[in-house]
Amino acid sequence: MKNQQVAEILEKMADLLEFKGEMPFKIAAYRKASRTINDLTEDIEKIWQEGRLAEIPGVGKSLQGKIDQFLAEGKIRQLDELLEQVPRDIFELLSIQNFGPKSVALAYKKLGVETLDDLEKVLDDGSLATLPGMGAKKVENIRKGLELRKTAGSRISIGIALPIVEKVISYIKEKAGSKIGRISPAGSVRRSRETVHDIDILAETDHGGEVIEIFTHMPRVTQVLGAGDTKGSVVLDDRFQVDLRAVKSESYGAAQQYFTGSKDHNVHLREIAKKNGYKINEYGIYKGEDKIGGEDEKDIYRLLKMSWIPPELRENRGEIEAALENALPELVTVQDIKSDLHIHSTFSDGQLTVEEMAEQVRSMGYSFMAFCDHSKYAVYANGLDEKRLLQEILEIRQLNEKYDDFVVLTGSEVDILPDGSLDFSDEILAQLDFVVASIHSAFKTDPTMRTLAAMENKYVDVIAHPTGRLISRREGFSPDMDKVIEKAAQTGTALEVNSYWDRLDLSDIHVKKAVEHGVKISINTDSHNPHHLSMMALGVGNARRGWAKKSDVINAMTLDELRAWQKRSNEK
DNA sequence: GCCGTTTTCGGCCCGACTGTTTTCAGTCG
């Protein structure tokens with residue numbers, strides 16, 4: 001899949017054109033096409049080979065030509081030409097807050113600023129401040145932007161962001177008391193994106209200035225980027241940017257809609273509003289001069305004659321069209337989840353014994369679970385050989401006698417070996433209630449073939465963390481997901497959404513593609529200690545972003561339904 | 001650069017904030 005590469009290249013071209021001062025709408029066209037291609041569930045190379053590039057919304061004659069060039073020759077001539085006319089570190093420079101394309105161009109032209117080091121120099125020696133339009137404050141803001149980039153450059157994982165959101169909200173609630181009403185996350189946190197750039201929080205209040213004051217004086221604030229009556233912006237621990245917006249009750253819903261985004265979703269929504277004689281902004285929805293809604297977010301969608309759209313879907317990936325036809329999927333919810341089917345114990349590398357961990361899982365309110373400890377090939381994870389696996393089975397059977405409201409399934413996270421075979425024989429696997437299979441080694445040794453081979457086994461219920469990515473650390477082993485999904489559909493194997501914050505594997509796009517092909521999803525926490533169990537919400541958020549319905553998710557099944565679904569049940 | 005049940009040309013979402021401005025450009029979300 002070269003979708004991401006094509007998207008990145010178009011985004012880069014947009015940056016370069018912006019630097020060169022091209023028409024804003026032209027630049028927007030590149031960015032829009034970039035995002036559309038990044039979000040496609042179909043392989044762009046396949047679309048290209050079949051001559052269907054023109055079918056991609058936002059891709060016209062000119063962009064078709066460029067994409068064609070990239071896929072045929074591996075590069076775009078115009079991009080190479082553009083790169084010769086700009087500062088060496090153009091993309092890094094443009095990523096600095098308060099240092100936009102006009103300022104970068106000015107610094108480049110007048111002072112020869114090509115790199116981040118160059119920028120630091122002209123900040124320090126005062127030469128940047130001598131340029132036209134560069135006053136002391138502006139220069140200072142650029143310096144702040146540069147510093148922020150050093151410490152807070154990369155995106156924040158959702159699993160890191162959510163606890164911060166909770167802490168900030170409870171702090172403000174405590175200090176502001178009755179001065180605030182509703183308060184909630186907005187932005188990409190509310191949309192449950194796997195990583196976020198900054199953290200947006202919205203508060204309902206008539207005392208904006210005071211609430212912002214409380215916010216900017218929180219503990220752990222290391223920098224105040226801005227503070228007014230409606231907006232405050234701070235950096236926590238030199239790392240996390242958090243924005244708080246304070247709005248009045250009558251606009252809370254409109255502000256929630258507006259600040260939740262995504263930008264593309266909002267743009268499309270406002271286009272539709274405009275066509276129908278409405279106007280939407282962060283204060284409300286208007287018909288002519290009259291404000292006709294905005295206190296509740298649902299007002300806006302209702303007045304535009306569409307269903308309310310869950311935040312996780314708001315990426316302009318077809319959700320608005322679906323909402324207009326009242327055809328949005330009924331997304332899986334945390335309440336639908338009846339089991340966690342990938343849990344570790346001290347038999348392999350978990351921190352609690354089978355009994356202790358089972359108690360913790362039971363306290364989550366589920367009706368059943370499966371222990372899937374590592375198999376012997378995973379030596380580093382204290383993987384079980386056949387003998388110890390049989391011990392674990394025995395221990396779980398004894399444990400089950402204690403419960404009448406909870407069932408513990410025996411299972412394994414069996415390694416898919418470099419040759420595509422499994423780490424346990426069928427005779428062993430047949431004794432287990434549930435099997436997840438996964439790759440933990442030799443990432444470069446044909447991961448696609450190995451995954452496909454594993455799915456052919458009738459005892460393999462789920463492929464765990466199918467791409468092996470770690471969001472903050474590595475890309476994963478990039479199996480051909482088209483083939484994996486096809487085989488999963490054909491064999492009736494489920495694909496996992498691993499809920500651990502650094503995995504979230506499958507990604508949202510892959511989930512969407514899988515459910516489009518009728519593949520079942522298994523949302524598991526892969527918990528190694530009780531703290532991991534609450535990450536189920538992240539996995540469910542990711543599945544929702546992939547348009548997964550309750551009926552797509554095997555963890556929403558009852559135990560009887562799960563047993564009926566398993567491949568081994570269908571063999572006579 | 002894209003797009004069209006008003007248009008093949010002339011539109012393209014909307015607003016806030018900041019700073020350096022004498023009426024507005026740049027940046028951001």
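**Entry 1: Arg 317 and Asp 39**

I started at Arg 317, which is buried, with a relative accessible area of 16%. The model is predicted. I then looked up the partner of Arg 317: its side chain meets that of Asp 39 in a salt bridge, 2.9 Å from N to O. The two ends lie 278 residues apart, with Arg 317 in the loop between helix H15 (297-303) and helix H16 (319-324) and Asp 39 in helix H2. Asp 39 is buried as well, at 17% relative accessible area. I followed the pair outward and found a network of salt bridges that links Asp 39, Arg 191, Glu 315, Arg 317, Asp 508 and Arg 545.

**Entry 2: other salt bridges**

I noted a total of 39 salt bridges in the structure. I picked Arg 35 and Asp 264, whose closest N and O atoms are 2.4 Å apart. This pair also joins distant parts of the chain: Arg 35 sits in helix H2 and Asp 264 in helix H14, 229 residues apart. Is each partner buried or exposed? Arg 35 counts as partly exposed, at 32% relative accessibility. Asp 264 is buried, at 14%. I also checked Glu 55, which forms a salt bridge with Arg 52 at 3.5 Å, N to O. Glu 55 is exposed, with a relative accessible area of 55%.

**Entry 3: DNA strand B**

I turned to DNA strand B and found 41 residues around it. The closest are Gly 60, Ser 103, Gly 135, Tyr 258 and Arg 270. By class, I recorded 16 nonpolar, 12 polar and 13 charged residues on this surface. Which element gives the most to it? Helix H14 does, with five residues. Other elements that each supply at least two residues include H2 (24-39), H4 (61-73), H7 (101-111) and H9 (136-152).

Next I asked what part of the strand the protein meets. Of the strand B atoms within 4 Å of the protein, 72% belong to sugar or phosphate, and the rest to bases. I looked up three contacts to phosphate oxygens. A polar side-chain atom of Lys 274 lies 2.7 Å from one. A backbone N or O atom of Leu 63 lies 3.2 Å from a phosphate oxygen. For Ala 136, a backbone N or O atom is at 3.4 Å.

**Entry 4: helix H12**

Last, I listed the buried residues of H12 (208-216): Gly 208, Val 211, Ile 212, Phe 215 and Thr 216. They share one side of H12, because they cover an arc of only 135° around the axis. I checked the spacing against the general rule: an α-helix has 3.6 residues a turn, so residues three or four places apart point the same way. The buried residues of H12 pack against helix H10 (158-176) and five strands, E2, E4, E5, E6 and E7.

Conventions: Residues are numbered from 1 along each chain as its sequence is written. Chains are lettered from A and ligands numbered from 1 in the order in which they are written. This is a predicted model: local features need pLDDT of at least 70, side-chain atom pairs count only at pLDDT 80 or more; totals for chains, interfaces and linings use all residues. Side-chain values use heavy atoms; hydrogens and water are left out. Buried means under 20% relative accessible area, exposed over 50%, partly exposed in between (1.4 Å probe, protein chains only). Helices (H or I, at least four residues) and strands (E, at least two) are DSSP runs, numbered from the N terminus. The arc is that of the directions from the helix axis to the C-beta atoms. Contact means heavy atoms within 4.5 Å. A residue is near a molecule or strand if one of its heavy atoms lies within 4 Å of it. A polar contact is a pair of N or O atoms within 3.5 Å; within protein, one must be able to donate a hydrogen and the other to accept it, and residues adjacent in sequence count only if both atoms are side-chain atoms. Ala, Val, Leu, Ile, Met, Phe, Trp, Tyr, Cys and Pro count as nonpolar, Asp, Glu, Lys and Arg as charged, and the others, Gly among them, as polar. A salt bridge is a side-chain nitrogen of Lys or Arg within 4 Å of a carboxyl oxygen of Asp or Glu.
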